[in-house]
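Work through the exercises below with the sequence and the model open. Each task is followed by its solution in steps.

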Amino acid sequence: MIRVAIVTRAIDPAAIIASIASTGYGAISLFAGTVRDTSDGRGVSAIDYSAYTSMAEAELKQIVAEAADRFGITSLIVEHRIGVLSLGETSVAIAAAHAHRAPAFDCTRYVIEEIKKRVPIWKMEHYIDGTREWVDPTKASGVASA
Amino acid sequence: MSTVTVLLFASYAESFGGATLEIPLNSGDTVGDLVDSLRSLPGASILPDSPRVAVNQKFASYDQTVHARDEIALIPPVAGG
């Protein structure tokens with residue numbers, strides 16, 4: 001099973017794992033990105049994610065096709081949530097299953113790195129001081145996010 | 001001359017003041033020509049040197065020709081994850 005989705009509901013990593021589990025696999029790798037309470041030293045209260053949804057899903061499909069081919073993965077699920085997320089909530093989940101752990105690890109890493117480069121999703125950080133700002137990784141101060 | 005609709009998102013939509021722009025389009029215009037047209041509009045100061053553009057939901061090169069019915073989108077720096 002290979003499936004990608006942009007969702008507006010809460011992401012349930014346990015349900016994702018359950019849906020790709022099979023006795024034929026010896027490894028399921030799960031990456032979950034979550035909303036952190038600080039960004040470049042500023043206190044964060046929430047993150048509002050938005051997307052060019054149709055293109056985001058098309059890019060995700062392209063990325064998972066590349067990953068499936070590159071790592072020999074046949075079970076891969078990616079969900080990215082949009083909307084206003086509270087601290088600690090899961091913004092993205094990537095689960096890859098394989099007979100062995102290395103391809104599963106490598107696959108999830110590949111997918112999250114490619115998402116950060118080319119899937120049209122944006123986030124506005126809301127800070128505890130009441131201000132807000134669009135996140136621009138091309139102007140990052142060197143502190144990696146998520 | 002026809003026009004083409006450009007979709008805007010996130011910081012670009014805020015800066016240009018709307019979710020879409022109608023841009024004049026001459027026959028044979030490329031993505032690069034379109035970006036040049038956008039630069040003359042109010043709010044364009046937010047654009048980096050080479051903003052990413054998608055044509056029909058795929059990232060496009062600046063020498064690609066644009067047609068009036070293409071779905072054009074100006075893509076701000078992505079920040080998913």
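**Exercise 1.** In which sense do β3(B) and β4(B) pair, and over how many bridges?

Solution. β3(B) and β4(B) are antiparallel, and two bridges join them. Strands (E, at least two residues) and helices (H or I, at least four residues) are DSSP runs, numbered from the N terminus. Two strands pair if DSSP finds at least two bridges between them. Within this pair, B:Ala54 has B:Phe59 of β4(B) as its bridge partner. The hairpin of β3(B) and β4(B) has two residues between the strands, and B:Asn56 takes a positive phi near 50° there.

A note on the source: this is a predicted model, in which local features need pLDDT of at least 70 and side-chain atom pairs count only at pLDDT 80 or more, while totals for chains, interfaces and linings use all residues. Residues are numbered from 1 along each chain as its sequence is written, and chains are lettered from A and ligands numbered from 1 in the order in which they are written.

**Exercise 2.** Give the order of the elements in chain B from the N terminus on, then the order of the five strands in the open sheet.

Solution.
- Step 1. Chain B has two helices and five strands, and they run β-α-β-α-β-β-β along the chain.
- Step 2. In the open sheet of chain B, the strand order is β2-β1-β5-β3-β4, with mixed pairing.
- Step 3. β2 (20-25) and β4 (58-59) of chain B each have a single partner strand, so they stand at the edges and one side of each lacks a neighbour in the sheet.
- Step 4. Strand β1 (residues 2-7) of chain B runs antiparallel to β2(B), with six bridges between them; B:Leu7 stands opposite B:Thr20 of β2(B).
- Step 5. β3(B) and β5(B) are also antiparallel, over four bridges, and B:Arg52 stands opposite B:Ile75 in β5(B).
- Step 6. Helix α2 (residues 31-38) of chain B lies across β1, β2, β3 (52-55) and β5 of that chain, at about 115° to β2(B). Axes are lines fitted to C-alpha atoms, for helices over the stretch in contact, and angles run from 0 to 180 degrees between N-to-C directions.

**Exercise 3.** Is B:Leu41 buried, partly exposed or exposed?

Solution. B:Leu41 is in the loop between α2 and β3 of chain B. A residue is buried if 20 or more other C-beta atoms lie within 10 Å of its own, exposed if 12 or fewer, and partly exposed in between, with C-beta atoms placed from the backbone. B:Leu41 has 15 C-beta neighbours inside 10 Å and therefore counts as partly exposed. Beyond four places in sequence, B:Leu41 is in contact (C-beta atoms, placed from the backbone, within 7 Å) with B:Phe16 and B:Leu21. B:Leu21 is 20 residues away along the chain, and the two C-alpha atoms are separated by 9.8 Å. For chain B as a whole, buried residues make up 32% of the 81 residues.

**Exercise 4.** What does each chain give to the contact between chain A and chain B?

Solution. Chain A gives 24 residues and chain B gives 14 residues. On the chain B side, α1 (10-16) and β5 (72-75) each supply at least two residues. That side has 10 nonpolar residues, four polar and no charged. Here Ala, Val, Leu, Ile, Met, Phe, Trp, Tyr, Cys and Pro count as nonpolar, Asp, Glu, Lys and Arg as charged, and the others, Gly among them, as polar.

**Exercise 5.** Place A:Ile28 in the sheet of chain A and list its contacts beyond four places in sequence.

Solution.
- Step 1. An open sheet of four strands in chain A has the order β1-β5-β7-β2, and its pairing is mixed. β1 (2-7) and β2 of chain A are the edge strands, pairing on one side only.
- Step 2. A:Ile28 belongs to strand β2 (residues 27-34) of chain A.
- Step 3. β2(A) is antiparallel to strand β7 (residues 90-98) of chain A, over eight bridges, and A:Ser29 stands opposite A:Ala96 in β7(A).
- Step 4. A:Ile28 is in contact with A:Ile17, A:Ile20, A:Ala21, A:Ala95, A:Ala97 and A:Ala104.
- Step 5. With 19 other C-beta atoms within 10 Å, A:Ile28 is partly exposed.

How values were computed: Contact = placed C-beta atoms within 7 Å.
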